[in-house]
Every structure is written in C-alpha cells, then in structure tokens.
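Student: Hi! I'm new to this one, could you walk me through it?
Tutor: Happy to. Have a look at it first, then ask away.
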Protein chains: 2
Amino acid sequence: MSQDNPHAYLDQHEERAIAELSEFVAIPSIAAQSDHADDVRRAAEWVAARMTRAGIENVKLVPSALHPAVYGDWLHAPGKPTVLIYGHFDVMPPGPLHLWTSPPFAPEVRNGRLYGRGATDDKGNMFVPILATEALLQTVGALPLNLKFIFEGQEEMGSPHMGEFVAEQRDLLACDLVINADSGQRSEEQPTQTLSTRGICGLEFAIVGPGADVHSGQHGGAIQNPLHAIAEVIASFHDKDGTIAVAGFYDDVRELSEAERIAMATEPFDEAEERAKIGIPAFFGEPDYTPRERTTIRPTLEINGIWGGYTGQGPMTVIPHEARAKISCRLVADQDPKRVLDCVIAHIEAHTPAGVAVEITPFANLARAYHLPADYSANAVVGDLLEEMYQRNPLPSRTGGSVPILAFFHESLGVYSVGFGFGLPDEGIHGPDEYYRLSSFKRGQHAYVRLLERLAAWQPGQDEA
Amino acid sequence: MSQDNPHAYLDQHEERAIAELSEFVAIPSIAAQSDHADDVRRAAEWVAARMTRAGIENVKLVPSALHPAVYGDWLHAPGKPTVLIYGHFDVMPPGPLHLWTSPPFAPEVRNGRLYGRGATDDKGNMFVPILATEALLQTVGALPLNLKFIFEGQEEMGSPHMGEFVAEQRDLLACDLVINADSGQRSEEQPTQTLSTRGICGLEFAIVGPGADVHSGQHGGAIQNPLHAIAEVIASFHDKDGTIAVAGFYDDVRELSEAERIAMATEPFDEAEERAKIGIPAFFGEPDYTPRERTTIRPTLEINGIWGGYTGQGPMTVIPHEARAKISCRLVADQDPKRVLDCVIAHIEAHTPAGVAVEITPFANLARAYHLPADYSANAVVGDLLEEMYQRNPLPSRTGGSVPILAFFHESLGVYSVGFGFGLPDEGIHGPDEYYRLSSFKRGQHAYVRLLERLAAWQPGQDEA
C-alpha cells in the first residue's frame with residue numbers, strides 16, 4: 001500500500017509523472033532567444049504550480065535581471081540539516097530541426113526513452129526531486145529534513161545574472177548543503193561523483209581598420225589589413241605546443257597533488273576510441289598534461305568564432321573595415337575570472353599591431369571554477385548510497401564544462417554542492433534527438449527518497465572550512 | 001553643318017546620346033549574379049544593336065564559357081593600322097540600396113551627372129567610342145583606319161574566362177594596338193596615362209578539425225582548434241613589417257629602375273590627405289617602399305574574408321568543425337600567377353599545424369600584371385592628344401587594381417593596350433551613387449574622333465619587341 005510507503009506511491013504514479021514530464025518538455029523555454037522569454041516564464045510557472053501540488057510551501061517566482069527563478073521550501077524539521085536542491089528549467093536552442101526524429105518540443109516516448117529538447121538537460125533531472133518530495137509528503141506526511149528548492153531559467157546562457165541573484169537572495173537560500181540535480185552518471189552500470197567543474201570568462205573583440213571596406217587592389221600592401229591583424233593577435237595567444245602565452249594567465253592555477261593526478265590517470269581512458277569519437281587525427285595541447293587533464297584540471301583559452309570581410313561564393317577583393325572574434329576561457333581553482341579577463345585584455349592590447357584600433361567587449365558570464373574536496377562528508381553520504389544502488393564504487397570525475405551557479409553558492413552561501421542526478425553522457429545533450437531514459441527517471445525518484453532520508457542523519461559542520 | 005563634320009554631328013545628337021546611355025545603364029547586367037545572366041545578355045544585345053546602327057560591320061555576339069562578348073569591325077582602310085577598342089558592359093552589384101539617392105538601375109540626371117550603376121564603369125566610357133565612330137561614318141563616310149571592337153561581360157568578376165576567349169579568338173581580334181576605354185583621368189584638369197595594372201590570383205582554404213562542432217568545455221585544451229590553426233597560418237604569411245614571408249613569392253618580381261622610382265616619387269601625393277580619405281591612423285607595409293609603390297609596383301597577399309564558429313550575439317562555447325579564409329594576391333611584372341599560387345599553396349601546407357587537415361581551392365581568375373613601356377610609340381600619340389586637350393602634360397600612373405584582359409591581349413595577340421577614357425576617381429566606382437559627368441561623356445566623344453584621326457598616322461612596328 002502506498003499510504004505510508006513513498007516508493008509504492010512513486011510506482012503507482014509512474015504513468016502520470018511521464019505525462020507531466022512530456023508536458024514540461026513541450027514548453028520551448030529557450031533562455032538565449034528573447035522571443036522565447038514568455039516560454040521561459042511559462043516553464044517557471046509550470047514548475048511553481050507542480051511544486052505547490054507536490055505539497056512544497058512558499059512557492060514563488062523570484063525575478064532576476066533576466067528570467068525569473070522558482071523558489072519553494074518545506075522547513076518543519078527542527079534540528080535537521082537544511083538542504084537546497086538546484087536545477088534549471090531553461091533549455092538549449094534545438095539546432096537544425098531536420099536532424100530531429102520527432103520535433104524537439106513535441107516530446108515522444110520511443111523504446112523506453114522520452115525524446116525532446118531538455119528531456120535530460122535538465123527538465124527530467126530537475127523534476128525528479130519534486131516527485132520524490134511529493135511521494136514523501138503524500139505518504140509519510142513529512143520530510144526527514146528541511147528542504148529548499150531553487151530552479152533557474154538561464155543556465156544554458158552561462159547564468160549571467162545568477163551571481164548577483166544568489167548574493168541578493170542569500171537569506172532566502174541559506175542552507176547547509178546544495179544538491180545539484182543538473183548532474184549525471186557515467187553509465188547505467190557505473191556511478192560517478194563530480195569533484196570539479198571549470199569556471200568561465202570570455203569576451204568579443206574587434207580589430208578596426210579603414211573607415212569602410214576598401215578595394216584590396218587600390219590599398220592592399222599599404223595599409224594594415226584587420227584580417228591579418230586579428231590573426232596575428234589570435235596566433236599570439238598560444239605557444240606552438242598549445243601552452244597559453246598570455247602573461248599572468250596561469251598565475252593562480254592550483255596544481256593537483258601527485259596523488260590526485262595518479263588517481264585520475266588510473267581511470268579508464270581509451271585514447272584511440274576518444275579520438276575516433278571526436279573525429280581528430282591526434283590530441284593536442286600542453287605537453288606536461290594528459291588529454292583528460294587538459295580538459296579538466298587545466299585552464300583554456302579558446303576562440304569560439306571569427307568573422308570579417310567577404311564570406312560568400314568565389315573571390316572578392318576587399319579589405320574590410322573590421323574583423324571580430326569571440327573568446328572563452330575555462331578556469332580552474334583558484335583563478336579569478338575578472339583577473340584572467342584583465343590578463344587577456346592586456347594581451348590583446350599589447351599584441352594589436354600598428355595601423356589598426358582594437359575594441360573589446362567582455363561577456364557578463366563570469367564564474368569561478370567549482371572544486372569539491374574529495375573527502376567532504378556529504379560526498380561520502382551520496383557515495384555510499386550510489387555504491388549500494390549500483391553495487392559498484394562511484395568513480396570520481398572532473399568536468400570540463402561549467403555550472404556557474406555552483407561557484408556562486410560557494411561564494412555567497414558558503415556551502416558546497418554535491419551532484420545527484422541520473423543523466424547519461426549518450427543522451428544527446430545540446431544536440432539533436434536529446435532524450436531521457438525512463439528507467440533513469442524512475443531510478444532517480446526512488447534514489448532521491450533514499451537520499452533525503454540519508455541526509456537527515458548527516459551532520460553539517462564536521463568538515464574543515 | 002554636320003554633313004561633313006563629325007564634331008558638329010556629335011553636338012547635334014548630344015541629347016539622344018544621353019537618353020541612350022540612360023537606357024543602357026538601366027539594364028542590370030550584374031555579371032556575378034547568375035539570376036542576372038539574362039540581363040547581361042540583354043546588355044550585349046543592346047550594344048550589338050547600337051553598334052550596327054552606328055554603321056559598324058560584322059557585329060555579333062561571341063559566346064565565352066560565361067557571358068557572351070560583342071564583336072564588330074570596320075576594315076576598309078588598307079595600309080592603315082588596325083586598332084581594337086575594348087570595354088565592358090557588365091557591372092558590379094549595386095550594394096546596399098538605401099545608400100543610393102536614386103535607384104541604381106533607374107538612371108537619373110542631376111547637376112550635369114548621370115547617376116546609376118555602371119554609368120562610368122564602364123557603360124558611359126565604352127559607349128563613347130561607338131558614338132565617335134558613328135559620327136565619322138555618318139559624316140565623312142569612312143574611318144581613317146581599321147577598327148575592331150570587343151566588349152566583354154565578365155570584367156567585374158575578374159574576367160575568369162577571357163584568357164581562353166582571347167586565345168581562341170586570336171584571328172578575329174588580331175590588331176596592331178588595343179585602346180582600353182575602361183580607363184580614366186586623374187581629374188577634370190589633369191590627364192593621366194596608365195603604365196601598369198597588377199595581375200591577380202587567389203584561393204580559398206579550409207582548416208578542418210573535429211568531425212563536427214564540439215563543446216569547448218568538454219574538448220578545449222586537448223584538441224587543435226581550427227580557428228587557432230587558421231590564425232597561425234594567416235599570421236605566417238607576413239613578417240611583422242608587412243613583408244610577405246612566403247618562400248619564392250618575390251622571386252620573379254621586376255624591380256623598377258631608380259629613374260622610374262624617382263619619377264613616381266615626384267608625383268603629387270599628400271600622405272595626410274590620403275590617410276584621412278581611407279580612414280586609417282598610419283600607412284603600413286614593406287619598409288623599403290613608399291605607400292604608393294606598395295600599391296602599384298609591389299605584389300601583395302591579402303586575406304579578403306575569414307569565418308568559422310559562432311558569429312551570433314553573445315557567447316557560445318564551441319570549437320568548430322572548420323574555419324575558412326579567402327586570399328587574393330596582386331601581382332607585378334614578371335610574376336606568373338600559377339607559380340605564385342603554387343608558392344602560397346606550399347606555404348599553407350607547410351604551416352598548417354598538427355592535429356588538423358587543410359583543403360585548398362584555387363580561384364579561376366588568374367592574370368599576369370600588365371606593363372606598358374613608358375616610351376611606347378602609341379603612348380606618345382595619346383599623350384600628345386591629351387596634352388593638347390588639357391593644356392597640361394599627362395602624369396604617368398600605375399594602378400593597383402587589375403584589368404585581366406590587358407595581359408591576355410599582350411599574351412595572345414602580342415600587342416599593347418593604351419588607356420583612353422574619361423572616368424574620374426570621385427565617381428563612386430563600385431560604390432553607391434555611381435555617376436558619370438555628362439561633360440566627360442561629351443569631351444570623350446570629341447576626343448575619340450581626334451584619336452582615331454591621329455592613330456591613322458601612327459606607324460605600328462616601330463617599337464622594340
């Protein structure tokens with residue numbers, strides 16, 4: 001009977017949960033596209049309504065400088081820890097529609113998988129803890145600890161305004177621990193625990209030459225071509241071996257201990273298989289680090305776009321007014337994104353050749369790397385649970401991407417975030433035919449019920465600051 | 001009376017000529033845009049019909065691999081030189097329409113100027129010799145020499161198929177001298193004689209990286225970024241001072257004599273005024289040459305376009321599948337465009353870094369530089385006429401741009417081309433609000449009558465080969 005068993009309740013309501021997830025995924029809440037701003041709000045309202053129905057209290061939309069976030073809580077467990085659950089209801093743009101088997105915002109279940117943009121990243125994964133909370137409240141009638149929820153609507157844009165949001169809402173969000181539902185496992189058999197994500201900063205810059213596009217026959221050879229100048233600047237960012245040549249860039253980088261590097265090196269990594277997956281003839285980069293280290297514990301400076309002059313068919317003899325490029329840097333502990341941006345800006349200014357001007361526009365999405373001590377006590381709680389579930393030791397993992405808000409939680413709330421989610425790496429995140437395994441959806445709901453029970457016994461404050 | 005005076009005939013028919021030029025300019029004969037191919041043919045047919053009405057014989061459209069050319073002749077002056085008059089009836093695309101005061105293909109006369117795309121380049125200038133020929137045939141009843149005409153319809157594309165055309169039609173086009181009506185003067189007061197135009201070659205190349213666009217957080221730092229690689233290749237083309245660093249590039253360059261360089265240096269050149277016109281803080285380029293030399297007697301290698309990755313608004317963390325760039329080289333005597341292309345291709349291949357592939361597509365528009373000896377006898381005939389007309393010595397000039405067919409005439413027909421046209425540099429060539437001064441239109445018609453009379457007395461074969 002489900003009257004007092006949350007797991008039975010979840011089983012009984014399995015079909016309804018899938019139907020609801022479909023409804024949620026059908027909302028095209030694309031944060032980056034301003035004509036979808038109403039859809040992002042609609043998704044926020046859907047989340048708020050569903051939380052309220054689940055029995056979560058004080059549910060509200062909290063405005064940010066961009067899209068609203070959704071807050072809710074249940075705080076009736078005095079003496080127990082307060083845990084903040086995080087996720088996001090915005091999604092990436094769908095990309096080319098012809099690559100999708102079924103339309104990205106008309107979710108469809110095929111072979112035990114729900115297909116649609118955001119199915120796994122992060123709508124499926126963020127809905128899971130709401131369902132688990134409902135199961136507990138509808139059966140036991142109470143939660144074993146104090147719970148808060150914060151779901152944001154701008155993660156896929158790099159959370160440009162969530163730093164100030166978390167700082168402003170520090171009382172509302174105050175907690176002992178964050179559980180990050182925007183997370184996953186390595187495979188259906190192998191659990192994982194994320195120890196770090198990289199920070200980020202970036203900018204766009206323009207090299208400005210003649211007052212207008214000019215004829216390359218008339219002026220070529222006597223004036224600085226902005227396309228040559230921008231190539232010169234970009235080529236100066238790295239040494240031949242891929243090491244970043246920007247003064248001060250590596251200054252604050254925290255080196256991993258030998259023990260940590262050895263632990264990383266023992267993790268499985270089939271170089272030939274990885275190369276084939278990416279479609280490259282060879283790996284490349286800092287010689288003293290392995291490919292996995294270069295993408296996780298080392299910072300990067302990558303050009304993400306460049307354009308200028310004539311890009312149509314055939315020849316056209318023009319020297320353009322300007323050339324532009326976009327840069328992003330991935331950061332590791334203990335780099336300060338503002339300081340790194342300053343180093344990159346100084347480098348561009350110092351390496352812009354004579355005869356042209358430079359204009360630099362820093363991007364708003366600044367975030368530090370997030371780094372979780374491997375021996376953090378709540379990490380062990382989650383690790384033990386995963387081991388029981390999978391009958392296998394979770395592997396530690398370091399992520400090359402960024403979840404900016406984890407650093408904001410650490411900075412403004414003084415708490416660590418521990419990942420607990422069931423997305424899998426083959427589920428088409430950010431690509432076409434994104435899906436979420438319904439088996440993971442179910443597994444996650446039961447796992448979250450158990451996680452909340454375990455965390456009720458966890459003692460905050462036992463770790464060194 | 002105009003019965004026996006071609007100049008009186010021209011004055012009598014001035015209004016009709018302006019109306020006809022308007023009709024000609026109204027045809028949007030844009031060679032580069034395939035949906036205007038019919039308009040290019042319509043312009044060819046307009047020219048052919050007008051030539052026939054003028055009394056020119058054997059008028060016909062001659063097909064090329066691209067647009068047809070128009071031929072005609074009058075060959076009833078035995079013992080006299082045979083002169084081939086050249087021009088083109090295709091035009092540049094109009095560019096942004098909102099920058100035009102009146103629509104580019106609805107010609108309008110304002111303040112003694114006929115506005116419209118192609119008004120000066122080259123429809124007005126190529127119509128002039130047809131009108132002068134008609135005036136002679138309708139009054140004197142004969143020409144003082146043998147005349148051929150060839151008008152092409154692909155000059156604004158770089159005449160990609162005119163090299164083979166001239167070679168194939170060498171019998172039809174055989175002559176003692178070419179008069180190039182795609183030409184101009186320095187100002188209304190100062191005549192000019194063009195001594196050289198630069199040759200051209202070019203290519204597009206792609207740097208190909210991962211099999212698809214990949215996430216720069218996931219893979220950045222461990223793979224070669226095609227945007228970094230293309231910047232490295234482009235930066236390697238030039239030394240810091242602008243000298244081209246491609247092995248073999250300068251090998252065949254003919255250096256001007258000290259006397260020629262001194263002659264060039266004495267021509268008026270207001271550096272501050274030129275900088276202000278172009279809108280640059282400083283000139284740049286090969287240190288041992290002046291800005292004017294760099295754009296006329298020195299070859300160049302210029303990037304005309306570059307693109308790759310994300311070029312929309314804001315940040316996006318992608319490493320693209322590929323990056324592309326377009327290159328054009330301006331060539332001087334005695335560079336072989338094929339050989340220069342080979343040098344550039346070898347350079348790109350040698351400088352492409354590890355971890356990416358390169359794909360190179362050479363362009364079809366290959367042309368040698370065209371170089372006319374200053375003391376060429378027919379040049380003196382034209383120079384004397386210009387001096388009489390303007391009461392001023394014509395200045396020698398070297399052009400940075402290319403008129404590819406001049407080299408093809410020299411190669412296949414073994415003859416020099418001498419410029420005789422009345423376009424002026426401020427007439428918006430290739431830009432918005434292009435116009436032709438009606439005063440130049442009239443001056444040109446009378447001048448061509450006198451030119452044909454003078455050339456009748458010119459002795460071909462007096463120059464060294």
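Student: Let's start with one residue. Is D11(B) buried, partly exposed or exposed?
Tutor: D11(B) is partly exposed, because its relative accessible area is 40%. Keep in mind that this is a predicted model.
Student: Which side chain does D11(B) meet in a salt bridge?
Tutor: That partner is K442(B), at 3.9 Å from N to O. The two are 431 residues apart, with D11(B) in helix 1 and K442(B) in helix 15 of chain B. K442(B) is also partly exposed, at 33% relative accessible area.
Student: How many residues does helix 15 of chain B have?
Tutor: It has 18, running from 438 to 455. From first C-alpha to last, helix 15 of chain B reaches 25 Å, close to the expected 26 Å. Its buried residues include F441(B), Y448(B) and L452(B).
Student: What does R454(B) pair with?
Tutor: The side chain of R454(B) forms a salt bridge with E388(B), 2.7 Å from N to O. E388(B) lies in helix 13 of chain B and R454(B) in helix 15, so the pair ties together parts that are 66 residues apart in sequence. Both ends are partly exposed: E388(B) at 37% and R454(B) at 28%.
Student: Switching topic: where is K326(B) found, and is it buried or exposed?
Tutor: K326(B) is in strand 13 of chain B. With a relative accessibility of 1%, K326(B) counts as buried. Its side chain makes a polar contact of 2.7 Å with that of E204(B).
Student: Now the two chains. How many residues does each one bring to the contact?
Tutor: Chain A brings 68 residues and chain B brings 68 residues. Between them they bury about 5000 Å², 60% of it on carbon and sulfur atoms. On the chain A side, F284(A), N304(A) and I306(A) lose the most area to chain B, together 12% of what that side buries.
Student: How many salt bridges cross that interface?
Tutor: The rule finds two. In one salt bridge, K240(B) meets E232(A) at 3.1 Å, N to O. There are also 26 residue pairs in polar contact between chain A and chain B.
Student: And which strand of chain A gives the most to the side that touches chain B?
Tutor: Strand 11, with ten residues. By class, that side of chain A has 28 nonpolar, 32 polar and eight charged residues.
Student: Last one: how many salt bridges are there over all chains?
Tutor: The search finds 62. Some are linked in a network, made up of R16(A), E20(A), R50(A), R53(A) and E134(A).

Conventions
Residues numbered from 1 in each chain as written. Chains lettered and ligands numbered in written order. Predicted model: local features only at pLDDT ≥ 70, side-chain atom pairs only at ≥ 80, totals over all residues. Heavy atoms only, no water. Helix = DSSP H or I, 4+ residues; strand = E, 2+ residues; numbered from the N terminus. Expected span 1.5 Å × (residues − 1). Buried < 20%, exposed > 50% of the residue type's maximum accessible area, 1.4 Å probe, protein only. Contact = heavy atoms within 4.5 Å. Buried area = accessible area lost by both parts, 1.4 Å probe. Salt bridge = Lys/Arg side-chain N within 4 Å of Asp/Glu carboxyl O. Polar contact = N/O pair within 3.5 Å; in protein donor to acceptor, adjacent residues only side chain to side chain. Nonpolar A, V, L, I, M, F, W, Y, C, P; charged D, E, K, R; others polar.
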